[in-house]
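Reader: Please take a close look at the empty space in this model and describe what surrounds it. I would like the cut-offs stated wherever a term depends on them.

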Amino acid sequence: MFSRVVGQTDIKERLLQEAQAGRVPHALLLSGPSGCGKLALAVSYAQYLLCHRPGAHDACGECPSCRAFTHFVHPDLHFVFPIIKYKTAESSVCDVYIDTWRKRLQAGLYFDLNDWLGDMKAENQQALIYAAEAAQIQRKLALKSTLGGRKILIVWMPEKMNAECANKLLKLIEEPPEQTNFLLVSDEPEKILPTILSRTQQIEVKGIDHESLVEALRKSHPTEDVEALARNARGSYTAALKSLDASRDNLLFFDLFVMLMRLSYQRKIKDMRKWSEQIAGMGRERQKNFLTYCQKLIRENFIYNFRNPELNYMTTQEGDFAKNFARFINERNVIKIMDELSNAQRDIEQNVNPKIVFFDFALKMIVLLIQ
């Protein structure tokens, strides 16, 4: 339902007008930054096109077609999405993960590739749309519509298609089966096969406006400081939701960051060793998240020195700390500190002993803070 889409009023109205005027493109590409609602728009548009009694502003929500959308089991709606390899390349098709995919959609239409990789328990594996998917697509779209209307294929992240699959999809787009519509949803359209791009009607979806983001967050999380959340999310509802989930960790990360900076400035080597041992006990994913958080705070404190609040994206607590700390982050050391954080993140990813990694970084901060 379009009511689930946060903001994007202009695009919703455009899609509704095209559907009502019978000018539905056979291949539509929705592109834009992660978290802006492209997938939510595509799913809502698909529901409207398949609805038996569509209204002026949304699908009816009650007909057999709409009811099938509750669990995303509509027989004429098909999905293609990146997956990790399943046993062999020949068996690596989306249907293997379709139950997991439907659970992800039911949990909410705002998520990113990292969320999906976590659902598949991908660990370090790369997600792609493999060549075997092309035959599945052809087979599904060759069948007649089950409910006697359109057939719709939503391709999430078509930039992840390998060349063979992309070329076969191109042939289908050039000569689509009767009453078939393709909805492509892309974060990086520049990586899509150019011949596919040229055969789609493209709509650029921009970040969600601040007011709509605040309104949506206030409805779902009325007790939170949604103004700050919305501003820091920079138009991404997905980022805002992740910030909510990470708020507890970020409080811990902030305390650990402040502790390290104070210990480094005071050159308390013994306490710095204890600090590194505390971080080492958190698990590698949280360690990487902590290093990412440190990079963010270093960047924000450097920008703070320009005295332009519009350029800063910090919580009230982080901003209060920056009042006294920002002067220690300057053009002489900011790049070196960021490089050391990147090196530490690389070492953690490569399973280097975290006690050594974090103690080494802490020692280097003693020198870097006085530059």
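**Pocket, cavity and the core beside them**

Author: The lining of the second largest pocket consists of 6 nonpolar, 4 polar and 3 charged residues (Ala, Val, Leu, Ile, Met, Phe, Trp, Tyr, Cys and Pro count as nonpolar; Asp, Glu, Lys and Arg as charged; the others, Gly among them, as polar). The model is predicted, so local features need pLDDT of at least 70 and side-chain atom pairs count only at pLDDT 80 or more, while totals for chains, interfaces and linings use all residues. Residues are numbered from 1 along each chain as its sequence is written, and side-chain values use heavy atoms, with hydrogens and water left out.

The second largest pocket holds about 260 Å³ of space (on a 1 Å grid over the protein atoms alone, a pocket is an open set of points with protein on both sides within 12 Å along at least five of seven lines, and a cavity is a set where a 1.4 Å probe fits but cannot get out; lining residues have an atom within 4 Å of a point). Volumes are the space filled by probe spheres set on the points, which are joined across faces, edges and corners. Among the 13 lining residues of this pocket, Ser3, Arg4, Val5, Val6 and Ala216 lie nearest its centre. Helix H9, residues 210–220, makes the greatest contribution to the lining, with 4 residues (helices are DSSP runs of H or I, at least four residues, numbered from the N terminus; strands are E runs of at least two).

Turning to enclosed space, a search of the whole structure finds 1 cavity of 30 Å³ or more. The largest cavity has a volume of about 120 Å³. Of its 15 lining residues, Gly35, Lys38, Leu39, Phe111 and Trp156 lie nearest the centre. Helix H2, residues 38–50, supplies the largest share of this lining, 3 residues. By type, the lining of the largest cavity comprises 8 nonpolar, 4 polar and 3 charged residues.

Trp156 also appears in the largest nonpolar core: of the 84 residues there, Phe81, Trp101, Ile154 and Trp156 touch the most other members (a core joins buried Ala, Val, Leu, Ile, Met, Phe, Trp, Tyr and Cys residues through side-chain atoms within 4.5 Å; buried means under 20% relative accessible area, exposed over 50%, partly exposed in between, with a 1.4 Å probe and protein chains only). H2 gives the most to this core, with 10 residues. Beyond neighbours within four places in sequence, phenylalanine 81 is in contact with eight residues' worth of partners, including Trp101, Trp116 and Trp156 (heavy atoms within 4.5 Å). A second, separate core of 41 residues includes Leu263, Cys294, Ile337 and Leu341.
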